[in-house]
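The following paragraphs lead the reader through a molecular structure, one region at a time. It may help to keep the sequence and the three-dimensional view side by side while reading.

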Amino acid sequence: MAIGNRGWALWLSALLAIAGGSLAAIGWSQDSAQDPVAEYRAMMGDDNPAVFAEDRGKELWNTAQAGGKTLAATCDLGLGVGKTRGAYAALPRYFKDTGKVQDLEARVVTCLSRLGADTATLVGKRFGDGSESELESLTAYLVEQSRGVPMAVALSHPQERKAYDLGKAIFYYRAGTHDFSCATCHSQAGKRIRLQMLPDLATPEGARAAYTTWPAYRISQGEVRTMEWRLADCFRQQRLPELEYGSPAAVALTMFLAKSADGGVLAAPGLKR
Amino acid sequence: MTVDRRKFLGLTGGGGVLALCAGTGLLPRLAAALTSPLAAGDTRKPFEASTLDAVIKAFGGAASQASGDIDLRAPEIAENGAVVPIEITSKLPGTKLIAIVSEKNPHALSAAFHIPEGTEAWISTRVKIAETSNVVALVQTDKGFFHAERLVKVTLGGCGG
Amino acid sequence: MADPMKIRAALNGDVVEVKALMAHPMETGLRKGSDGKLVPAHYIETVKVACNGREVLSADWGPAVSKNPFLALRFKGGKAGDKVSITWTDSAGESRTDEVAIG
């Protein structure tokens, strides 16, 4: 009898999961059919001004820094020195030389600091004010180098697993004057703010759609903005303490989202409102 | 009530007559426009205008007629007014100018495209629209000025930046 | 110096379709910067497109054209290998020309 009950319970939960899944799928397609800004986005096409940031980033990557060396000749993004193609799709990852899990932005800062660049100033203007910062240009270029590559973060090193778990905990952690977590806005299908559909980052589909299109050219700012910028702005709106650039918390949250987007084909830099 | 209604009907009739007058009055001015194209130094003048009528005047015209031969493609809802894609096709023969006008912008004229022989009367670009308003595609041909318009609702989607 | 334009020119039948992205701030003069002061107006005023030296489009722009402007046009009489050049001149008197071969 006990086994039978367990069997029923399993069957029931499987059924519920299927029903839940199909309901979510229906919700998703209905929402996109009714998406009031779909026409706007379709008309924007693929002519994305992010291409200028990518070019500037490529130039920076190949420009000698204070010490006379270039990033291209010294920086290892995880696939070997100077290897850019597909590197972003496997980030964040654990780096032996720093003993840390790093995302693309944190890694670029490490590489720049080794070349004698004034990284304090660089990080200080990480989110360009009216104009794009060097980190944003470099990020745009390096992300573009993984266009068309499926996301594949390994989680093979214990530190990577730890970062993922921490990121997940942060995603669901409610805090601040509004008692908000990331999940408050981003763990249900069909939620929106004004006309903007909010990605459901708790599902693989939602996480892939969002993660693979960031960094993005932000129309409202006329600049390319990075994933860490996006996360920091979510923190600001949740009235949480400022998310420090390249901090373990920022990298962990990025790790959670990157892993959730596993298999999603990168199409960034994207084009966003 | 009946008086009001009659007044209203009378006005409508009058409007029709006025429209006819405007139609005939257009001809002499049109001739003038044809003989005196915009001088090189005057290309910035139309950008000082704050209404569609003033824009047409600055281009040397008098009035413009609505035309079904102008196809104005613009999104019904723009997610951000800073970048609104606009595509204009004119099927009017002899199209030599296509302009984009937004009367609620600080300057009504956004852009003017001069179309030489051999270039299609088609243009695609992106403009800023200050607030929800009609976007006008203004076209000049050998026969005068014509236009089509479309309401574009400007929203700010999502939160913050 | 402004970044180079991104120009694509493709032949479809007897029509050449040109698509261009220009790197330009297109400041209206009405926007306040982070210091609270108005950012001076700075925008592209004229754009000229030519195919092997023959003008195929000229445009007058105001500050309402979006930042990093996009422009597409179609013309006849071009063939593969012909050079399409685009020149813009802005309100500060700066200018830039880029060209691409029709593919």
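Which residue in strand 7 of chain B stands opposite V84(B)? The residue in question is V127(B). The two strands concerned are strand 4 of chain B, residues 84–90, and strand 7 of chain B, residues 119–127; they run antiparallel and are joined by 6 bridges. This is a predicted model, and its scores are ipTM 0.95 and pTM 0.79. For chain C, the mean pLDDT is 94, with 99% of the residues at 70 or more.

The pairing of these two strands belongs to a wider arrangement. An open sheet of 6 strands, with antiparallel pairing, follows the order 2(B)-4(B)-7(B)-5(C)-2(C)-1(C). Its edges are formed by strand 2 of chain B, residues 70–73, and by strand 1 of chain C, residues 6–12, each of which pairs on one side only. On average, and with direction ignored, neighbouring strands of this sheet are turned by 10° against each other.

The sheet leads on to the contact of chain B with chain C. Here 26 residues of chain B are in contact with 22 residues of chain C. On the side of chain B that touches chain C, the elements giving two or more residues are strand 6, residues 109–114, and strand 7 of chain B. Strand 7 of chain B supplies the largest share of that side, namely 8 residues. Sorted by class, the side of chain B that touches chain C consists of 13 nonpolar, 10 polar and 3 charged residues. Strand 6 of chain B also pairs with strand 4 of chain C, residues 54–61, in the antiparallel sense over 4 bridges. Within this pairing, A112(B) has D60(C) as its bridge partner in strand 4 of chain C.

A single residue of chain B may be considered next. D69(B) is located in the loop between strand 1, residues 64–66, and strand 2 of chain B. Is D69(B) buried or partly exposed? It counts as partly exposed because it has 15 C-beta neighbours inside 10 Å, whereas a buried residue would need 20 or more. When residues up to four places away in sequence are not counted, D69(B) touches S90(B), K91(B) and L92(B). By contrast, N80(B) lies 11 residues from D69(B) along the chain, and the C-alpha atoms of the two are separated by 28 Å.

Chain A remains to be described. It contains 11 helices and 7 strands, and 38% of its 273 residues count as buried. Among the contacts in chain A with a separation of 6 or more, 69% are between residues 24 or more positions apart.

Two of the helices of chain A show how such elements pack. Helix 3 of chain A, residues 50–61, and helix 6 of chain A, residues 134–144, pack at an angle of about 100° with their axes 7 Å apart. Helix 3 of chain A is therefore roughly perpendicular to helix 6 of chain A. Residues of helix 3 that take part include A50(A), R56(A) and W61(A), and those of helix 6 include E134(A), L138(A) and Y141(A). The residues of this contact divide into 8 nonpolar, 3 polar and 6 charged.

Helix 9 of chain A, residues 204–211, has G206(A), A207(A), R208(A), A210(A) and Y211(A) as its buried residues. Helix 11 of chain A, residues 248–260, is included in what covers them.

Methods
Residues numbered from 1 in each chain as written. Chains lettered and ligands numbered in written order. Predicted model: local features only at pLDDT ≥ 70, side-chain atom pairs only at ≥ 80, totals over all residues. pLDDT = per-residue confidence, 0-100. Pairing = 2+ DSSP bridges. Axes fitted to C-alpha atoms, helices over the stretch in contact; angles between N-to-C directions. Contact = placed C-beta atoms within 7 Å. Nonpolar A, V, L, I, M, F, W, Y, C, P; charged D, E, K, R; others polar. Parallel < 35°, antiparallel > 145°, perpendicular 65-115°, else oblique. Buried ≥ 20, exposed ≤ 12 C-beta atoms within 10 Å, placed from the backbone.
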